Each structure stands twice: as structure tokens, then as C-alpha cells.
Amino acid sequence: FFLNGEPVRLAGFNRVSDHRYWGSSEPEEIINQDVDLMKNAGANMMRIMHGTQNKKLIERCDEKGILLIEEVNVRELTNPEFGDESHSRQKQWLREMIERDINHPSIIGWSTGNELLHHYDYVKDTVEFVKDELDPHRLVACVSNTGHREEDTVDNDPLGLGDLILQNCYMQR
């Protein structure tokens, strides 16, 4: 990865804001502790779990030099609220997230959703939307958990539509 023209080897974690006591309403001390633990383990990058993030987390990553991929809270496309083929609700959420956090230096990319099914058209549409209308400078992708399947190809799985591949695999042995 090149950051301001300098090569950077990315190493990091996926962070889920779901504390056993506070859920996603984590106090600042927990956020600071998590970021510090990651930094001390050699991390310089983090994918943030789908959903609106605590601003303190992003600010702490700005301070500590942890690069972020922030993700909109889209985990299901068959919900009747998402029936609009133009994906207007998801685009609204993307716009709100990006407008809120675009000035944070830690953010290097955006994810348009997490582990969706039958999502080729959605990813194509939302990746283009982010690049054309919201932020042409940062990476854009969508997290998939389907690209490893034999029946998935470049014609029906959107892994290749983004700037990087974000693939979750849950394989049974």
C-alpha cells in the first residue's frame, strides 16, 4: 500500500465494537485500551465493524497512526426496507458516514457492506456511487463471504469490483 507516496506494509485487525458489558456503547478507556493493544502488537491498520462508530475510536486511530477501513451498516439486502433497486437507503447511509468522517486522516477506505448474498449489482452500484459522488481518493470495497465458493465467478461475485478484496471465510472441515 502506498500512503502519501511511501510504501506501507499493512498489518492489522478487524475490530468489533461489542464489549461484553457495554455492547457498542464502549467507554473511551476501553477504546483506548483496544487501540493501544493493537498498536503494541504491531498493527497499523483496522477494519471497523459494520455500523456507526464511536468518534472517539476514529480520533484515537488518528492519534496512534492506525489506518482504517470504515464500513456502513449493511448486512442484509432482502430486508423489505432495502427493496429499492436504486439502493437509496444504503446510499444515504454511505453519504452520512463518509460526510461525517471524511476529514479523518486515519481513514484509507470505505466498505459498502458486510457478507451480503446476491450482491453483485448492489456492490457495483454502491462502489461507483462512492467513487463518483462521495470520495474518489480512497479505497472502496465490500466484504464478502461468498467468493471462495466454486459456483462464484467474476461474473456473479463482486470481489473484483472494489479496490481490494475483503473476504471472510467460514469453511467447515
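This is a short talk on the sheet, the helices, the salt bridges and a few single residues of one structure. Please keep in mind that the model is predicted.

Let me start with the sheet. Six strands make up an open sheet, and their order is β3-β4-β5-β6-β7-β8. The pairing in this sheet is parallel. Which strands stand at the edges? They are β3, residues 12–15, and β8, residues 166–167. Each of these two has a single partner strand, so one side of each is left without a neighbour in the sheet.

At the β3 edge, the partner to look at is β4, residues 45–48. Four bridges join β3 and β4, in the parallel sense. If you want one position to find by eye, take Asn14, which stands opposite Arg47 in β4. Please remember Arg47, as I return to this residue under the salt bridges.

Next, the helices that lie on the sheet. Helix α2 lies across four strands, namely β3, β4, β5 and β6. On the sequence, β5 covers 67–71 and β6 covers 107–114. The direction of α2 is at about 165° to β4. Helix α3, residues 88–101, also packs on the sheet, where α3 touches β5 and β6. Between the directions of α3 and β6 the angle is about 165°.

Now to a pair of helices. Helix α1 spans residues 28–40 and helix α2 spans residues 55–64. Their axes come within 10 Å and cross at roughly 35°. The crossing of α1 past α2 is right-handed. Which residues make this contact? On the α1 side they are Glu28, Ile31, Asn32, Val35, Asp36 and Lys39. On the α2 side they are Lys56, Leu57, Arg60, Cys61 and Lys64. Sorted by class, this contact holds six charged residues, four nonpolar ones and one polar one.

That brings me to the salt bridges. How many are there in the model? The count comes to 14 salt bridges. I will go through three of them and then a network.

The first on my list is between Glu71 and Arg47, with the closest N and O atoms 2.9 Å apart. Glu71 sits in strand β5 and Arg47 in strand β4, so the pair ties together parts that are 24 residues apart in sequence. Are these two residues buried or exposed? Glu71 is buried, at a relative accessible area of 0%. Arg47 also counts as buried, at 10% relative accessibility, because the cut-off for buried is under 20%. So here is the Arg47 from before, the residue in β4 that has Asn14 opposite.

The next salt bridge joins Glu133 and Arg95, and here the closest N and O atoms are 3.6 Å apart. Glu133 belongs to helix α4, residues 120–134, and Arg95 to helix α3, so this pair ties together parts that are 38 residues apart in sequence. Glu133 counts as exposed, with 52% relative accessibility. Arg95 counts as partly exposed, at 31%.

The last of my three is between Lys131 and Asp163, with 2.7 Å between the closest N and O atoms. Lys131 is in helix α4, while Asp163 is in the loop between β7, residues 139–144, and β8, so the pair ties together parts that are 32 residues apart in sequence. Lys131 is partly exposed at 26%, and Asp163 is partly exposed at 37%. As for the network, salt bridges with shared partners join Asp36, Arg60, Glu63 and Lys64. Among these, Asp36 of α1 appeared in the helix contact, as did Arg60 and Lys64 of α2.

I will finish with three single residues. Asp101 is found in helix α3. At 1% relative accessibility, Asp101 counts as buried. What does Asp101 touch, leaving aside residues up to four places away in sequence? The residues touched are Ile58, Glu70, Ile107 and Trp110.

The other two concern the backbone. His87 is not a glycine, yet has a positive phi of about 55°. You will find His87 in the loop between β5 and α3, and His87 is buried, with a relative accessible area of 11%. Glu115, another residue other than glycine, has a positive phi near 50°. Its place is in the loop between β6 and α4.

Technical notes. Residues numbered from 1 in each chain as written. Predicted model: local features only at pLDDT ≥ 70, side-chain atom pairs only at ≥ 80, totals over all residues. Heavy atoms only, no water. Axes fitted to C-alpha atoms, helices over the stretch in contact; angles between N-to-C directions. Left-handed = near helix turned anticlockwise from the far one by under 90°. Contact = heavy atoms within 4.5 Å. Nonpolar A, V, L, I, M, F, W, Y, C, P; charged D, E, K, R; others polar. Pairing = 2+ DSSP bridges. Salt bridge = Lys/Arg side-chain N within 4 Å of Asp/Glu carboxyl O. Buried < 20%, exposed > 50% of the residue type's maximum accessible area, 1.4 Å probe, protein only.
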